[in-house]
Amino acid sequence: MRPTEQLEKDLQIPDLLPVIPLRDITVFPYIITPLSIGRDRSLAAVDAALGSNRMVVLAGQVDQSEDEPDKENLFPVGTVATIMRMLKLPDGRMRILVQGVARCQLEYFTVDKNYREAKVSTMTEIESDQPALEVEALIRNVKGLLERIASLGKPISSEVLVIANSMEHPGRLADLVASNIELKTADAQAVLQELHVLQRLRMVYDFLAREVSLLEMQQQINTQARGEMDRSQRDFYLRQQLKIIQAELGEGNELQEEINAYREKMEALVLPDEAKKEIEKQLRRLEHMHPDTAETGLIRSYLDWMTELPWGKFSNEDINLTKAKKVLDDDHFGLEEIKERILEFLSVRKLNPSMKNPILCFVGPPGVGKTSLGRSIARALDRKFVRLSLGGLRDEAEIRGHRKTYVGALPGRIIQGVSQAGTMNPVFVMDEVDKIGQDFRGDPSAALLEVLDPEQNNAFRDHYLGVNFDLSRVMFILTANTLDTIQPAFRDRLEIIELSSYTQLEKVEIALRHLVPKQIGEHGLTKKDINLPRQTMAALIDRYTREAGLRNLERLIGKLCRKVARKKAEDETFKTKVTANSLDTWLGPPKIIPDQRLQNNQIGIAAGLAWTAVGGELLFVEASLMPGKGNLVLTGHLGDVMKESAQIALSLIRSRAEEYGIAANLFTEKDIHIHFPEGATPKDGPSAGITISVVLLSVLTRRPVRCDVAMTGEITLRGEVLPIGGLKEKALAAVRAGIDRVLFPVANKADLREIPEEVRNTCHFEPVRDIAEVFKLTLEPQAKKREASQK
């Protein structure tokens with residue numbers, strides 16, 4: 001640190017300097033201090049100083065919460081400082097290193113620039129006129145108190161202590177000490193404003209003395225706390241003696257009796273060596289602990305979980321294929337392929353009991369019976385059934401469990417489910433696996449990889465248990481509505497079995513066999529009170545529901561039963577037969593307008609087929625020509641895939657324009673508008689290509705499209721028809737709408753087996769390989785077009 005005279009000689013302080021307001025900190029002369037600058041005016045002040053003499057005025061704020069302080073909100077005395085270093089941060093702030101030069105008086109402000117500028121006048125210190133002996137004594141006292149607070153734990157660096165011990169000027173010593181003992185802003189400002197060096201040192205001495213008193217009191221409190229801890233250890237020692245005395249008198253054996261009960265439970269279980277050692281270890285800890293301590297409760301909870309798990313307990317499987325088939329047929333109508341796969345698994349299981357369980361994943365729309373299939377499998381195998389919903393699960397600890405050290409720790413949901421089942425080989429259904437979340441607490445899907453991998457789950461390690469648990473005998477069944485959101489590594493471990501939406505015939509049969517008897521019983525009715533014929537049920541499904549499953553249908557049947565129950569409660573002799581014509585009396589106007597085919601052949605409109613989560617739908621595509629510049633306009637809330645299909649269809653027809661007799665100038669002088677009705681409904685998918693192509697050729701050649709034909713398939717630029725998905729649902733939609741012929745890609749011929757026989761007998765299915773075949777089957781010939789125009 002340099003003497004005052006030398007520093008003032010080296011630096012000439014200008015009259016006008018940029019001002020930087022400070023919060024919660026006071027910079028003293030000759031002290032090097034780091035500062036963080038973030039306010040716009042302060043940043044501009046730093047830039048201005050760096051561009052001239054690197055000098056600024058540092059003034060403390062009276063109100064620390066003020067962002068733009070004026071002169072009245074700044075202390076009148078500040079510090080002139082030089083900027084030694086500057087670092088710009090990525091977020092726009094600055095870090096600067098400043099050294100105080102001199103105290104200054106702020107006389108007035110100027111606001112003409114984008115930073116504050118003040119006229120300053122330096123302030124001269126008043127040297128002491130006291131005897132040198134008194135000054136030296138005060139300096140020694142200040143140095144002694146500084147060393148005292150450092151020894152009491154105040155964070156003061158050794159470099160500061162060395163500098164203070166070598167300093168003899170009272171004013172500089174006061175500034176150094178005040179900047180290192182964390183004074184309040186008002187106290188630090190009082191030290192800064194004091195020009196009399198000896199009086200300033202006395203102020204610092206008073207602050208030091210107060211700080212020493214506070215630190216000594218804090219040390220006394222810590223000593224008392226340690227004494228309390230020693231007293232607790234003494235109490236523990238006395239309790240242990242009391243425990244021995246009670247044992248001699250035959251009293252106070254409750255804890256020992258509890259330990260003996262745990263040991264009896266342990267002996268009754270077939271425990272692996274690792275689990276047995278862990279339980280013994282925890283029992284030994286419990287024996288040496290006081291029964292009232294908090295950790296005793298944690299150990300008891302752990303031992304309860306360990307001894308209640310079904311170690312070595314298995315359900316006796318009775319694999320009777322005839323019984324299993326009867327159970328599946330009783331519980332579910334249709335689903336023949338799924339039932340066949342389940343019976344195949346049971347057959348292999350019967351021949352090879354040691355086989356590893358497959359991980360089945362039922363994928364399908366809501367309400368098609370995925371969870372109830374798992375319950376039926378449990379019935380067929382005579383196993384316990386456990387269900388776990390994974391929808392919205394985000395915490396990995398829900399699968400692997402929490403560490404025992406956490407408050408309220410529990411095993412994961414897998415171990416809890418096995419404990420609930422009471423056996424080590426239950427049928428474990430995990431619902432909504434496609435709706436698992438992920439956040440900072442981990443990825444539950446990754447944790448499930450170990451659970452569902454047959455090569456690893458024989459040694460699944462729950463964090464709470466801390467020992468391996470065998471899950472290899474558990475039959476895991478997963479359900480999902482879609483495969484898109486399931487991670488690839490997770491999906492790779494699953495055997496996917498897809499459940500499509502029910503046909504109308506299947507819905508009618510399921511309703512009459514299962515839903516109607518269930519709702520009649522739940523509403524206190526009998527079969528004599530309400531009669532729902534097959535025709536009525538078919539009308540109910542067509543007019544009031546549009547879903548892949550049966551949940552809304554069950555609610556409607558329940559609504560009918562409630563209305564009949566009210567009539568029954570008012571008149572005990574009331575009986576009714578609900579007919580198709582009386583449905584609107586019971587349930588109100590129909591909610592669903594069924595798809596209907598066009599009644600006559602028209603130009604520029606064709607019937608396509610679309611797949612949705614609730615089944616298939618008839619999707620009309622319209623096109624029209626208008627004067628323009630060859631633009632293609634697409635409307636109907638289309639996705640990117642369908643937009644590309646329309647562009648491909650247009651390019652295909654333009655490339656064959658001469659073959660179809662289309663004038664070349666038609667594509668440059670006319671705009672083409674393609675529209676998909678029901679614009680509020682989003683539409684996307686790769687199966688509308690041939691429908692768009694037919695509509696375009698129809699409107700360009702003025703050839704009507706057959707109204708009794710519906711189609712589905714994607715095309716290439718070469719005119720090939722590509723395969724699609726959901727043929728079964730689309731076929732059902734076509735039959736509902738009265739379509740006589742369905743065109744589909746020849747590559748999907750194998751999918752015809754999935755379509756019910758009554759549907760195949762009702763409608764003619766025509767496989768097509770090329771777009772030319774599609775045009776031939778859907779558009780009226782040119783001759784018929786001329787005849788129609790002549791008429």
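Author: In this predicted model, a helix is a DSSP run of H or I at least four residues long, and helices are numbered from the N terminus. By that reading, Ala209 lies in helix α7, which covers residues 197-249.

Reader: Is Ala209 buried, partly exposed or exposed, and how far is Ala209 from Ile149 in space?

Author: A residue counts as buried under 20% relative accessible area and as exposed over 50%. Ala209 has a relative accessibility of 30%, and is therefore partly exposed. As for the distance, Ala209 and Ile149 are 60 residues apart in sequence, while their C-alpha atoms are 9.1 Å apart.

Reader: Where is Ile377 found, and which residues is Ile377 in contact with, leaving aside its neighbours within four places in sequence?

Author: Ile377 belongs to helix α13, residues 370-381, and with a relative accessible area of 1% it is buried. Once neighbours within four places in sequence are set aside, Ile377 is in contact with Ile342, Phe362, Met475 and Ile477. Its C-alpha atom is separated by 30 Å from that of Lys527, a residue 150 places away along the chain.

Reader: Which residues of the largest nonpolar core touch the most other members?

Author: In soluble globular proteins, nonpolar side chains tend to be buried together. Here the largest nonpolar core has 55 residues, and those touching the most other members are Met430, Leu448, Val451, Leu452, Phe476 and Leu478. Beyond four places in sequence, Phe476 touches Pro358, Ile359, Leu360, Phe428, Met430, Val451, Leu452, Asn457 and Leu471. There is also a second, separate core of 52 residues, with Ile338, Ala380, Tyr502 and Cys561 among them.

Reader: At what angle do helices α8 and α9 pack, and which residues make the contact?

Author: An angle over 145 degrees between two helices counts as roughly antiparallel. Helix α8 (residues 254-268) packs against helix α9 (residues 273-287) at about 175°, with the axes 10 Å apart, so the two are roughly antiparallel to each other. From α8 the contact is made by Leu255, Gln256, Ile259, Tyr262, Arg263 and Met266, and from α9 by Lys276, Ile279, Glu280, Leu283, Leu286 and Glu287. Sorted by character, the residues of this contact are 7 nonpolar, 1 polar and 4 charged.

Reader: What pLDDT does the protein chain average, and over which residues does it stay under 50?

Author: Where pLDDT is low, the predicted coordinates should not be read in detail. The protein chain averages a pLDDT of 85, and 94% of the residues score at least 70. Residues 1-5, however, stay under 50, and the model gives them 8 contacts beyond four places in sequence. Residues 784-791 are also below 50, with 3 contacts in the model beyond near neighbours in sequence.

Terms used: Residues numbered from 1 in each chain as written. Predicted model: local features only at pLDDT ≥ 70, side-chain atom pairs only at ≥ 80, totals over all residues. Heavy atoms only, no water. pLDDT = per-residue confidence, 0-100. Contact = heavy atoms within 4.5 Å. Core = buried A, V, L, I, M, F, W, Y, C linked by side-chain atoms within 4.5 Å. Buried < 20%, exposed > 50% of the residue type's maximum accessible area, 1.4 Å probe, protein only. Axes fitted to C-alpha atoms, helices over the stretch in contact; angles between N-to-C directions. Parallel < 35°, antiparallel > 145°, perpendicular 65-115°, else oblique. Nonpolar A, V, L, I, M, F, W, Y, C, P; charged D, E, K, R; others polar.
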